[in-house]
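Work through the exercises below with the sequence and the model at hand. Try each task before reading its solution.

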Amino acid sequence: MVEYVSWGNEIIVQVGGSKYQMQIVQRANALQCELEGIPYMLPFDTGGMITAPSPSVVLTVNSHEGQKVKKGELLLTLEAMKMEMAVSAPEDGTVMRINVKAGEQVSAGQALVDFETVSQTQGKEDGDKTKAAAIDFSALAAHQKSKDSNAIAQQWAVLERNFYAAFTGFDFKKPAADLLAALDKFVQHHPGYRKEAANLVVKASMAFITVQKLFQSKERDVENTQSTDAHEYLMHYLLRRDDREKGLPPVFLEHLKEAIKLYPWADEKNYDLTTKALFHLYKASANTKATADLLRLSLLFLQTLFPSANEFGEPAEFTALLDQVIQVGHLSPSLVDAAVFARYDLVDRLHQEDLQKERQGQLAQVLSPVLSGGKADEVLKQEVIESGHQIVTYLVSLYDRSSPQAASILEIMAKRFNRDREIESSKLIESKGNLLYEVCSKQDGKVVKSYISILTEAEYFESLSWLQSVIKKDGDEFVECLLWVRRGTLADVAYVEQLAKNPLKVDLCSLGVVSTDAYVYHSFHYQNGNWEEDKRRQSFSSLRYRELHIERLENFNLELLYNSRHVHVMKLEAKTNAKDQRLFAFIEVPEPKFELNENQEIEAISQFEFSIQEAAKVLREQQARHKRSYFWNRIVAHLGHAHPLRIEQVGQYPERLIPLIQGLGLEKLVLYTRVLTKANKAVDTEVLVEDLSTHYTVRGRVPSPEVLAPLDPYTSKVVNALRLGSPYPYEVIGMLTKSDNKKFPNGRFTEYDIEVNAKGEQKTISVEGRAHGLNSSNVVFGRIVNETEDGQIFERILVLGDPTRDLGSLAEGECRRVMAALDMAEAEKLPMEWIPVSSGAAIDMNTGTENLDWTARVLRRLIEYTQQGGEINIIVAGINVGAQAYWNAEATMLMHTKGVLIMTETGAMVLTGKRALDFSGSVSAEDNIGIGGVERIMAPNGQAQFRARDISEAYQLLFRHYRFTSISSRRPYGTKLATLLALDA
């Protein structure tokens, strides 16, 4: 029996106990099969069609329709990658049709010629002589419904081994989803193996985490001189036979030992076995994309097997496991989403339901003395007012206007929905058997009068004239009416129509239609003298609308895209600029529970992370539906006030959220909550998590009343850079110079530019103070200085590419500025730091190929500078094409150069871009990252000395490098570091 495992074009053939490597590649009208490196050509029936062997361009057509040709006779010629390919007749036959013409670009497999061979012609004349019998392989398949326990156990062992092999770097049958399909089918026939299947998913998750931890360095210690690139550590480990662990960081060694444990046969003391284990670990890392998707499907599969984690393991351990998946799965946002959802569905949901029941019991107990007319503890009463949504449905369900509890219920509702205001007076009003509660308050200097009532469905659909007779407005008071109706059998539209027919003389009327466990809000107001529904407040209560500060969006038209109990997603479109479109997700967590670590920093916030994931899912769906991605989006959250915290307790918590919100095009994350001041006073605060495109910073401020403005010219450029997937130069400068950014030393940047006279002579001038974004070139440069707390000074000449103008193309102006920066670095004996983004030399009808001459001058200047000992450090965080890629290579890749090349996961260096390669018929990849990114090309080939997740991590690496190499005019020999040696003290 012969078995094989498909691995792209490679196949592992197993015959008996032996394995053979085979590759099968289609070559025109034949299959080229290589078995253990020996090629065999297997011609096959063309089916009357001759196809293109690869993307190419048709050079000549050397035949015509109806022409009879001999085997090997030339039919046409193709060109690919500047090489000609002859397409010949596979057999004697007739050219029936030519499907292409000279100069036409063709794709791989495209039909070139319809061809009829002599044998086909004879077949038509003679008719079919024989018909082959179908081969039945069903006897080889294991019987799914076998009742033999040993056979079932053996079959499970095979499925388990094959599934786990995908995560540990062994060959597996593709697509990987088939492994899960086989597992699912087996469990359907043998439900007794449900728990074993769950344990297998857990085991596979642990293997995935272990591999990712090994290849994703997490070190942040600036004292560590070692590279954070796991590939370099592994290379040191592999090349040594003795003292293999010497000099390697303890964290890396810990991850490595855990990874080797995935292979029970690998003895740490046995070089050959550990080397074999490392080979499989490398393969497992290379398969991350496939295994991440398989794990995503497996977590969804797990939710179909069990309603909760209690049924297959310990919930706390399963939660910790999923948290690790979230942290290491940042390369696959869909896996992160699946892990968060699995955690919520199998653990947090049940926990939240239990807490909600417990909370309802507590509220009932607290409310009991109040509703019975007794005196309640003011602290507990305030807790009820600050409580979550369940209090609304609970009180509305209890309300009966004839009950002695009615007045107390209305008072609590009135104070709850005015809790953000300064209440001055309140009273109960009775009118024609109906109860109404009046509250007079102040907010932002404005007098507000609120009228609150709860009605049954029957009472609501009676005349509402009694309401109008009671409501009074004096002067400039803002008057609102808050009504809650206990839902009956009618649809929402009936309640809305009833209020539309009964206008009230108020500035705002909020209607809450409440059922046992849910509610929906509609609001009405006067617009141009007409009583109509306020669509901007759709599904928001008046309190939620204020606490989320949605009134700040008056410069935008709002469209509600999604609405659930905790999450609302809206599309914003600027009234003055239809192109300014954004997505805002609003989240309310009324009773957050902050889980703190030993440093009293936030570790987790109950319900918040699932709400973030829910919002992220909706935002991703909306991004997918839109042809042009939305950027400058926000997530705005209101965290209940019951448990105030200190701003410093936010700590590293946003870093935990980054995997959840990655790829959403967010400008910032806004949290409205209460924060304790140094005087231990709780104040309303707007916590801003900003600069998510380059790094993140956290700051707090008093909630801003300013109306959100449409995009200004500078912000539009930042958004365009984000859309292009490249950093905007001034945002990078801001990252390095913001005083509140604790990740980097304090910095200052002085921008320079050039002036060119009529003779073509240029002069470098300071433009310090020029507003950001007013650069006239695709290159920005200047002097930057960062100084650490211990006195180290990192002074450099900084050059940045601007992708927002012609994708950063290089013309005379850009080349002049790069040379000016090199002149400054050489004159001041400073290193040059470069964040390049460029689509290559600009070629247009005005300049012809002159810009190629300018790029050649820069290349010569780079050679002179580096050969004289000049240092250039480059961070590639965007696409670098053509001349820019040459410059980067010359600056960092030659043996004499001092600088380092750091590449991020979004950076690429290519000589010819993907579009140009595709157009010319050459071989490319799915994108520019595939052609010249760090993962497949630059790191394995050794051109990039360091790799980083993003530009923030790249700069942490670069500052670590500077810590031991940097010199300046003030410290020409560098900074003396602390030492424990007495002689150096």
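**Exercise 1: two packed helices**

Helix 2 and helix 8 are oblique to each other; show why, using the rule that angles under 35 degrees count as roughly parallel, over 145 as roughly antiparallel, 65 to 115 as roughly perpendicular and the rest as oblique.

Before starting, note that this is a predicted model, in which local features need pLDDT of at least 70, side-chain atom pairs count only at pLDDT 80 or more, and totals for chains, interfaces and linings use all residues. Residues are numbered from 1 along each chain as its sequence is written, and side-chain values use heavy atoms, without hydrogens and water.

Step 1. Two packed helices are described by the angle and the distance between their axes.

Step 2. Helix 2 (residues 149–167) packs against helix 8 at about 130°, and the axes are 9 Å apart. The helices are therefore oblique.

Step 3. Phe163, Ala166 and Phe167 of helix 2 meet Thr291, Leu294, Leu295 and Ser298 of helix 8. The residues of this contact are five nonpolar, two polar and no charged.

**Exercise 2: Thr288**

Is Thr288 buried or exposed, and which residue's side chain does its own side chain join in a polar contact?

Step 1. Thr288 lies in helix 8 (residues 288–305).

Step 2. Its relative accessible area is 12%, so Thr288 is buried (buried means under 20%, exposed over 50%, partly exposed in between, with a 1.4 Å probe and protein chains only).

Step 3. The side chains of Thr288 and Gln212 form a polar contact of 3.0 Å. The Thr288 side chain also reaches the backbone oxygen of Ser285 at 2.6 Å.

How values were computed:
Helices (H or I, at least four residues) and strands (E, at least two) are DSSP runs, numbered from the N terminus. A polar contact is a pair of N or O atoms within 3.5 Å; within protein, one must be able to donate a hydrogen and the other to accept it, and residues adjacent in sequence count only if both atoms are side-chain atoms. Axes are lines fitted to C-alpha atoms, for helices over the stretch in contact, and angles run from 0 to 180 degrees between N-to-C directions. Contact means heavy atoms within 4.5 Å. Ala, Val, Leu, Ile, Met, Phe, Trp, Tyr, Cys and Pro count as nonpolar, Asp, Glu, Lys and Arg as charged, and the others, Gly among them, as polar.
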